[in-house]
Amino acid sequence: MKIEAVAVPVSDVDRSKVFYTDLGWRLDADFAFDNGFRIVQFTPPGSPCSVQFGMNVTVAPPGSARGLYLVVSDIVAARDELAARGVKVSDVFHIEAPGAQFQPEGSPSRGAGPEPERGSYGSFATFADPDGNVWLLQEVTTRLPGRVDDAPTSYASVDELRQALERAAAAHGEHEKSLGRRDDDWPEWYAAYMVAERSD
């Protein structure tokens, strides 16, 4: 079983459609029906799970979705990209007490900046859509045991594969900076990175 879509409660479908388009997410569908039902679906880059909203999609109050995780490999780069797109996004923070990522911005349990040792799962940033549904960026660079699926990795289109290669190239550039030299084993690094990203 795979989670392929989650519903997000919104009050203004067209306003939300503009917001998620401006994030650079892929618009998969926008279907309206005579009975007042409308479904809009977006997919974040590299994500196997999509987001749906519309008319008569959910009875949850608009803005009530909280802690919707968006896993990224570089929290600073992801945060900066959102800010460049005009999104009001929090500063990067790390948790100093369990559950601090779910507390309001300014909580004393949130430490400023990335996790000091840049440990996987420890660095966050948040942003909200126009209704106040809160998205949580989390940096994951190494998965806990049992989290990586050995199933075959596949891509739905040439464009999806191109985007995955671009993300891998950017991440590998940072990897080579940390090495201080050219990485001659880059094909193996790319392969491991792309499989790990696909298993997110």
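In this predicted model, strand 8 and strand 9 form a hairpin with 5 residues between them. Within the turn, Gly132 has a positive phi of about 100 degrees. The two strands run antiparallel and are joined by 5 bridges. One facing pair of the hairpin is Thr126 and Leu136, the latter in strand 9. Strand 8 (123-128) is mostly covered, with 5 of its 6 residues buried.

The hairpin belongs to a wider arrangement. An open sheet of 5 strands takes the order 5-9-8-6-7, and its pairing is mixed. Strand 5 (68-72) and strand 7 (110-112) are the edge strands, each pairing on one side only. On average, neighbouring strands of this sheet are turned by 40 degrees against each other, direction ignored. As a general reminder, strands of a sheet pair through backbone hydrogen bonds, either parallel or antiparallel. Here, strand 6 (residues 93-95) and strand 8 run antiparallel and are joined by 2 bridges, and Phe93 stands opposite Phe124 of strand 8. Strand 5, in turn, pairs with strand 9 (residues 134-139) in the parallel sense, over 5 bridges. Among the facing residues, Leu70 stands opposite Leu137 in strand 9, and Val72 stands opposite Glu139 in strand 9.

Edge strand 5 repays a closer look. In a regular strand the side chains alternate between the two faces of the sheet. Strand 5 shows such alternation: Leu68, Leu70 and Val72 point to one face and are buried, while Tyr69 and Val71 point to the other and are not buried. Tyr69, found in strand 5, counts as partly exposed because its relative accessibility is 35%, and the range for that class lies between 20% and 50%. Tyr69 and Val71 also join Phe102 in making a nonpolar surface patch of about 280 Å². As for helical packing, helix 2 (residues 75-84) lies across strand 5, strand 8 and strand 9, and runs at about 145 degrees to strand 9.

Turning to charged side chains, the count of salt bridges comes to 14. One of them links Asp28 with Arg26, whose closest N and O atoms are 2.5 Å apart. Both partners fall in the intermediate accessibility class: Asp28 counts as partly exposed because its relative accessibility is 30%, and Arg26 is likewise partly exposed, with a relative accessible area of 44%.

A second salt bridge joins the side chains of Glu174 and Lys177, at 3.3 Å from N to O. Both residues lie in helix 3 (residues 158-179), where they are 3 residues apart, about one turn of the helix. Their accessibility classes are worth setting side by side. Glu174 counts as partly exposed at 42% relative accessibility, whereas Lys177 counts as exposed at 60%, since the exposed class begins over 50%.

The side chains of Asp184 and Arg182 also meet in a salt bridge, with an N to O distance of 2.6 Å. Both Asp184 and Arg182 are exposed. Elsewhere in the chain, salt bridges that share partners join Asp14, Lys17, Asp30 and Arg38 into one network.

Key:
Residues are numbered from 1 along each chain as its sequence is written. This is a predicted model: local features need pLDDT of at least 70, side-chain atom pairs count only at pLDDT 80 or more; totals for chains, interfaces and linings use all residues. Side-chain values use heavy atoms; hydrogens and water are left out. Two strands pair if DSSP finds at least two bridges between them. Helices (H or I, at least four residues) and strands (E, at least two) are DSSP runs, numbered from the N terminus. Axes are lines fitted to C-alpha atoms, for helices over the stretch in contact, and angles run from 0 to 180 degrees between N-to-C directions. Contact means heavy atoms within 4.5 Å. Patches are made of residues with over 30% relative accessible area and no salt bridge: like charges are joined within 9 Å, nonpolar side chains (Val, Leu, Ile, Met, Phe, Trp, Tyr) within 5 Å. Accessible areas come from the Shrake-Rupley method with a 1.4 Å probe; for residues, only the protein chains shown count as cover. A salt bridge is a side-chain nitrogen of Lys or Arg within 4 Å of a carboxyl oxygen of Asp or Glu. Buried means under 20% relative accessible area, exposed over 50%, partly exposed in between (1.4 Å probe, protein chains only).
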